Each structure stands twice: as C-alpha cells, then as structure tokens.
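Colleague: I am new to reading models of this kind, and I would like to ask how some of the labels are justified.

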Amino acid sequence: MLVLFETSGGFALFKVLDEGKLSNVEDLGDEFSSAESARRMVRLIAFHKFDNTSEALEAVAKLVEGTSSKGLRKFLKNNCGDGETLAVADSNIGNIITEKLDVQCVHNNAVMELLRGVRSQLTELLSGLDDNDLAPMSLELSHILARYKLKITSDKVETMIIQVIGLLDDLDKERNTYAMRVRELYGLHFPELAKIVQDNILYAKAVKLMGNRINAANLDFSEILADEVEAELKEVAVISMGTEVTDLDLIHIRQLCDQILSLAEYRAQLNDYLKSRMNKIAPNLTALVGELVGARLISHCGSLLNLAKLPGSTIQILGAEKALYRARRMNHATPKHGLIYHAPVVSQAAPEHKGKISRSLAAKAALAIRCDAFGDGQDNTMGVETRLKLEARLRNLEGGDLGAFEEEEVYYKDKKKKADDEEEPKTEEPSKKKKTEAELETAKEPVKKSKHEGVTGLLILIFLIPLIYFVYVNQLAC
C-alpha cells in the first residue's frame with residue numbers, strides 16, 4: 001500500500017512496510033512514537049517539491065475545487081505501479097484519482113491514523129527537510145490559499161453592491177439635510193426663493209451664484225434656471241421681505257452649497273459605478289427591474305445566491321415584511337408588492353393593475369435572478385425580452401394597442417380561453433327566475449295592501465274623535 005501525503009512544500013509518497021498493523025487502529029499511533037519505529041512502518045518513495053508559486057497556486061486551486069492538479073497526476077503516474085492501492089486523506093480526491101489514473105484509493109479510519117503518525121514524524125521521514133523549512137512553506141501556502149479564496153469569492157462583488165446601495169441612501173439623507181439647512185439659513189434673507197426654485201440642487205446653485213439678493217438683477221441664471229423662473233426670481237428679489245445678512249453669513253452659506261453640490265456629483269458617480277457593477281453581476285435582473293431595485297433586492301437578501309433561492313411570491317413582497325405580518329395579525333389584505341414597487345414596469349402601471357404586474361414581474365425576476373446566479377452567459381437578452389413582454393402585458397391590461405406584440409405567445413392562452421368562454425351557450429333556469437320574480441311580486445302586494453288599510457283607518461279615527469267629543473258636550477249641556 002502507498003500513502004499520499006500532501007505538505008505545504010509539495011507531495012510525498014510513502015510505502016507501507018507492514019500492512020498487518022493497519023488492522024489495529026488503536027495501537028497504530030504507537031508505531032510512530034519515535035523516528036526509528038516510523039521508518040520501520042513507512043518508507044519514502046518520492047517527494048515532489050513545488051518549484052514556484054504558480055505551481056503551488058494551481059495545486060491549491062484544484063484542492064479547493066475538489067480536483068487534482070496536473071502536477072499531482074503526473075507525480076502519481078510516474079511513481080504508482082499497476083495493482084497498487086493508494087491511501088488518501090480526502091475521499092473526493094481519491095475518487096478523481098481512481099477515475100483519471102485507474103488507481104484504487106482507500107480512505108478510512110486506519111488511513112487517517114496512519115497519516116496522523118506520518119505528520120508527527122514528517123521531518124524525520126523526509127530527508128533534508130526540517131521545521132525551519134516547513135514554517136515558511138506553510139506561511140506562504142496559507143497566503144496563497146487566502147488570495148485564491150478572495151479571488152474566487154463572488155460575494156466580494158455583491159458586498160460592494162450592498163455597501164454602495166447603502167452609501168447612496170446615506171448620501172441622499174445627508175444631501176437632504178444640508179439642503180434643508182441652506183433653505184432655512186438663506187430663507188431669512190430671501191424667503192421667496194424657496195417657492196420659486198423647489199429643486200435642492202438648483203436652489204444651491206442659485207444661492208451660490210447670487211449671494212446677496214441685490215445681485216440677482218445683474219446676474220445670468222440661464223445655465224441654471226429656465227427663462228420664466230429666472231424672470232420671476234429677478235422680479236421678486238427686488239421686493240423681497242427678507243432681512244439683511246452679512247458677508248460672513250454668505251460665506252458659510254456658500255460653503256454649505258458647495259457641500260451639497262459635491263455630494264450630488266459624487267452620488268452621480270456612485271450611481272454610474274453601481275450600474276456598471278450590476279450589469280456585470282446581474283445583467284438580466286438589471287434589465288428587468290433597473291439597477292437600483294436590483295441592488296436593493298440583493299442587499300435585502302445578503303447575496304445574489306440567497307436571492308436566487310427565493311420563489312417569485314417571496315420576491316414580490318420583499319421589503320414589505322412588516323406590512324405582511326401586520327395584515328396577517330389584523331386579518332387585513334396582505335401587501336401586493338414590496339421593493340419591486342419602484343421598478344419602472346410597476347411604476348407606470350395604473351393603481352388597479354399594479355398587483356397583477358407586480359406578480360408577473362416577481363415571477364419573471366425569479367427566473368432572471370437564477371439565470372444570473374447559475375448561468376454562464378453575461379448578456380441581458382433574457383431580461384430585455386422579458387421586460388418587453390411585461391410592457392406588452394401592461395398595455396393589454398390597460399386596453400391599449402399592443403402593436404408588434406399582438407401575436408405574442410404569452411397572450412395566446414388568455415385569448416383562447418376568452419374565445420371558449422364566449423362560444424359556450426349561457427343556459428339559465430327560466431323557471432327559477434320566473435319563480436323568483438313571482439315571489440317578489442307576491443311579497444310586495446300584501447305590504448302595499450296593509451299600508452293602504454293603515455292610512456284609511458287613521459283618517460276614520462281623525463274624523464270620529466271630534467264627532468264623539470261634540471256629542472259628549474251636547475249631552476252634558478242638556
């Protein structure tokens with residue numbers, strides 16, 4: 001029996017001299033208590049040392065993937081004879097070696113105990129190799145393994161997406177906070193500007209350019225504002241009811257405007273970066289729901305792989321968990337959409353159609369996500385085609401012209417079902433209908449009769465009471 005032992009410096013192949021001792025696993029460790037007993041148990045046949053870092057990187061890569069490298073296969077092919085049994089530390093590696101080299105491999109408790117004993121006396125069994133040589137090799141191999149794992153980890157790109165979408169939200173909050181402060185500070189000097197210019201970025205640019213409102217009449221705002229807004233601003237600046245501010249106040253206000261504009265510029269760059277990352281990692285999902293919604297879905301689940309494991313019904317309500325639990329607790333209607341509500345296809349739908357489009361979009365998004373997560377291609381053909389079909393579906397729901405999508409197969413079943421329903425004769429039970437109408441008429445007649453009788457009795461009573469009173473008074477007078 002041969003033993004394959006993998007070290008940080010290369011591959012070693014040992015020959016088991018006494019295979020009968022392998023039957024007693026408990027006492028096998030005693031055979032490696034000393035170097036002399038270890039040499040009586042195993043003998044080194046060959047040792048393949050890694051020549052350079054690239055060879056070690058290839059061996060590590062194949063080891064992580066659960067396969068054997070070319071160097072290992074060549075080493076075993078040159079040193080393993082026909083009919084030999086090879087003891088390995090990993091059953092998966094053993095299966096691959098058996099398949100590729102037709103060498104019978106063994107992996108059991110006795111083999112693991114044997115490898116543990118070889119490891120304890122490794123420096124004695126390998127001539128010319130001591131602990132001082134193994135320590136740098138182990139350190140270098142650990143660095144190679146760490147670099148390779150970072151290289152093959154797809155979560156690092158997804159982590160960047162998660163962090164970027166969180167950073168975008170933080171930037172929006174900060175920018176809105178700064179814009180509110182600018183409006184409050186500059187509103188003391190020119191309060192009417194807040195109603196004229198409502199956009200925060202344009203407001204900051206106008207304040208930075210104008211400074212004191214007295215300068216508005218001599219400035220050109222054509223690059224910032226429209227002609228009508230510019231004319232209104234200059235007209236109101238002359239009759240503004242704001243207070244005067246000092247130059248020091250305007251300096252601080254302009255610095256705050258610079259912060260708002262720099263945040264807006266950085267947010268635009270970050271949005272472009274997110275779009276490029278999303279087109280690379282999830283092109284079909286990006287084409288279907290947009291880069292922002294797709295990034296929020298990935299961020300909500302933690303990774304693209306976790307998102308791919310979810311069904312369409314769960315993707316539909318991602319982000320609306322609190323509303324779902326509250327609806328189930330209060331026995332109310334459950335939400336129809338979560339994060340995908342902000343997708344362009346759902347946003348442009350009418351309120352009565354948002355639920356149907358959200359359900360269809362979630363089902364198609366589940367397929368697109370799985371195609372991105374497990375597929376080999378990097379194109380967005382599936383996402384683009386699916387989005388066109390959903391848009392055609394939306395036009396069909398709203399009663400618009402389908403154009404080139406009238407004969408799409410996606411609507412064939414619905415049209416056929418509708419045609420079958422129209423062809424079916426509508427059979428009703430006339431006897432039952434007539435019976436119901438007759439019962440209603442008979443039920444109404446007694447009510448009308450009783451109502452007339454009540455009115456007649458009331459009139460008789462009204463005339464009889466004065467008559468009886470008049471007769472009673474005449475009798476008393478007599």
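Colleague: Why are Glu184 and Arg181 separated by about one helical turn?

Modeller: This is a predicted model, and in it Glu184 and Arg181 are three residues apart in helix H8 (residues 155-187), so about one helical turn separates them.

Colleague: What makes the contact between Glu184 and Arg181 a salt bridge?

Modeller: Their side chains meet with N to O at 3.5 Å, and because a salt bridge needs a side-chain nitrogen of Lys or Arg within 4 Å of a carboxyl oxygen of Asp or Glu, the pair qualifies. By this rule the count comes to ten salt bridges.

Colleague: Why is Glu184 called partly exposed?

Modeller: Its relative accessibility is 45%, and because partly exposed covers values between the buried limit, under 20%, and the exposed limit, over 50%, Glu184 counts as partly exposed. Arg181, with a relative accessible area of 44%, is partly exposed by the rule just given.

Colleague: Why is Glu230 called buried, and Lys234 partly exposed?

Modeller: Glu230 has a relative accessible area of 9%, so it is buried, being under 20%, whereas Lys234 has 25% and is therefore partly exposed. The two side chains meet in a salt bridge at 3.2 Å, N to O, and both residues lie in helix H11 (residues 227-238), four residues apart.

Colleague: How do you know that Glu391 forms a salt bridge with Arg387?

Modeller: The closest N and O atoms of Glu391 and Arg387 are 3.4 Å apart, and because the cut-off is within 4 Å, the pair counts as a salt bridge. Both residues lie in helix H20 (residues 381-397).

Definitions and conventions. Residues are numbered from 1 along each chain as its sequence is written. This is a predicted model: local features need pLDDT of at least 70, side-chain atom pairs count only at pLDDT 80 or more; totals for chains, interfaces and linings use all residues. Side-chain values use heavy atoms; hydrogens and water are left out. Helices (H or I, at least four residues) and strands (E, at least two) are DSSP runs, numbered from the N terminus. Buried means under 20% relative accessible area, exposed over 50%, partly exposed in between (1.4 Å probe, protein chains only).
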